[in-house]
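Visitor: Could you take me through one part of this model at close range? I would like to follow the side-chain contacts, starting from the strand you find most useful as a way in.

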Amino acid sequence: MTLHMIVGAASDTGRVRDHNEDSYLVDDQLALVAVADGMGGHQAGEVASATALEALRASVSSGDAIRDAVAAANGAVYEKSTTDERLRGMGTTMTAATLASGGTLLLGHVGDSRAYLLRDGELHRVTTDHSLVEELVQAGELTEEEAEADPRRSMITRALGIEPVVNVDLYPLQLQPGDRLLFCSDGLTGMVPEDHIAGVLEDEVDPNVVAQQLVALANDAGGIDNITAVVVDLVDDADMTASLPAVAPDTPPPDEPEPEPEPEAAATEPAAPRRRRWWRVLRWAIPIVLVIGIAGGVLWWYARDTYYVGNNHGQVAVFKGRPGGVLIWKETLARREQLRVSDLQPTDQEQVKAGHGQFSSLADAEAYVRRIRRSATTTTTTTTTAPPPITTTTAPPTPSSTPTP
Ligand code: MG
């Protein structure tokens, strides 16, 4: 089994702040997803989150495992913060994950942005916040409900860029096809209850739409902070490439503690299987649509490209189409003649009542009408003429000569 990520994301300033210090990263090539929530005065928060993600990507790209990559991001932010006076004291959260082939997600986490897993309709929080209220909850001094309303809930106890070295929490997670992940900043979780988040994650299919809806919910609830949501759907490669003869072989055992990102995984592009999936649908759909179209065209042509002469309430008439119609294409009256069917010759009457001819044009049909009109007139003028007497000559019986013995 090789899992691929299909990602949707949205980030918004919210309704209160004047700029967005959140950043997120989606790198299909590296199978890397991350959310960072920066903090610091005078837009230093934006610098912190962007710097951290840039360093994270470079580190993963050079082959580092996720924990080392988050540590490298810490170093990059710390260095900028200590060398540039305007950026002093800036920091950022980081929730970042790489997907190794075999479906193992390795998640590195610092701060109060979160990762959730939706599996079989149930939402699980994967990460534990590094925040004051979370520590109080862990210590039994606050309940979950009290924590949600606590004014200190945005105070974090751990961040990137504050100290030269940071302790990174690592969560290895064995994923399955159908799993859905959410990475988000506290601008979402601080505003929207988890059961509402779960509802949106469950109900909506398109991960981009999910991300946008979650941001909208946070804004509807007040949007007091920057809001970022990254939604990741896990799709089995085999589902996407079932029509291809070769399927990528299974790769390292899932119990391996922390495998390096696979070069194969880095080289595969989730966009390609998505195109293949579309192609699989189109490959069937195009011929079917063509066949239906051509058959419909032929039938239409068969049904409509002809004229016949028939009976319209006792009058002779020319119809376009075929007697009785073909499927949905009924015949239509083209021309009503000043000629009564009952005036026609008996054989013509029969033909007209049944619908006569397959004329290729209205003119041809009218030529036939002229002919039956003429014979109708001829009949009426000649009815007075008595039919010639039929004479039969009967020969007298010839006596048969039978030889007499
Ligand atoms: Mg925030």
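Guide: Happy to; here is a walk that starts at one strand and then follows the pairings and cores around it.

Please keep in mind that this is a predicted model. Our way in is strand β7, which covers residues 114-119. L117 is found in this strand, and with a relative accessibility of 6% it counts as buried. Setting aside neighbours within four places in sequence, L117 is in contact with E122, L123, H124, V126, L175, D179, R180 and L181. A useful distance to check on your screen is the one from L117 to F183: the two are 66 residues apart in sequence, yet 9.1 Å apart in space, C-alpha to C-alpha.

D179, one of the contacts of L117, also has a charged partner. R119 forms a salt bridge with D179, and their closest N and O atoms are 2.6 Å apart. This pair links distant parts of the chain, since R119 belongs to strand β7 while D179 sits in the loop between β9 (169-174) and β10 (180-184), 60 residues apart. D179 counts as buried because its relative accessibility is 2%, and the cut-off for buried is under 20%. In general, side chains of opposite charge can pair when their charged atoms come close.

The structure holds 16 salt bridges, so let me add a couple that you can compare with this one. E144 and R125 form a salt bridge with closest N and O atoms 3.9 Å apart. E144 lies in helix α4 (residues 144-149) and R125 in strand β8 (residues 122-125), so the bridge ties together parts that are 19 residues apart in sequence. Both ends are partly exposed: E144 has a relative accessible area of 38%, and R125 has one of 28%. D150 and R152 also meet through their side chains in a salt bridge, at 2.9 Å from N to O. Here D150 is buried, with a relative accessible area of 8%, whereas R152 is partly exposed at 35%. Salt bridges that share partners also join R114, R125, D129, E134, E144 and E194 into one network.

Now for the nonpolar side of the picture. In soluble globular proteins, nonpolar side chains tend to be buried together. The largest nonpolar core has 26 residues, and L56, I66, V70, M94 and L160 touch the most other members. The elements that give two or more residues to this core are β3 (32-39), α1 (44-61), α2 (66-83), β5 (94-100) and β6 (104-110). Helix α1 supplies the largest share, seven residues. M94 is a good residue to centre your view on: leaving out residues up to four places away in sequence, M94 touches A34, V35, A52, L53, L56, V70, A73, G108, H109, V110 and L160. Apart from this core lies another, of 22 residues, with M5, A115, V126 and L234 among them. V126 brings us back to where we began, being one of the contacts of L117.

If you have time for a last stop, a search of the whole structure finds two aromatic pairs. Y308 and F319 form a stacked one, at 5.1 Å centre to centre with 15 degrees between the planes. Y308 is in strand β12 (residues 307-312) and F319 in strand β13 (residues 315-320), and both residues are buried.

Definitions and conventions:
Residues numbered from 1 in each chain as written. Predicted model: local features only at pLDDT ≥ 70, side-chain atom pairs only at ≥ 80, totals over all residues. Heavy atoms only, no water. Core = buried A, V, L, I, M, F, W, Y, C linked by side-chain atoms within 4.5 Å. Buried < 20%, exposed > 50% of the residue type's maximum accessible area, 1.4 Å probe, protein only. Helix = DSSP H or I, 4+ residues; strand = E, 2+ residues; numbered from the N terminus. Contact = heavy atoms within 4.5 Å. Salt bridge = Lys/Arg side-chain N within 4 Å of Asp/Glu carboxyl O. Phe/Tyr/Trp six-rings, centres within 6.5 Å; stacked < 30°, edge-to-face > 60°.
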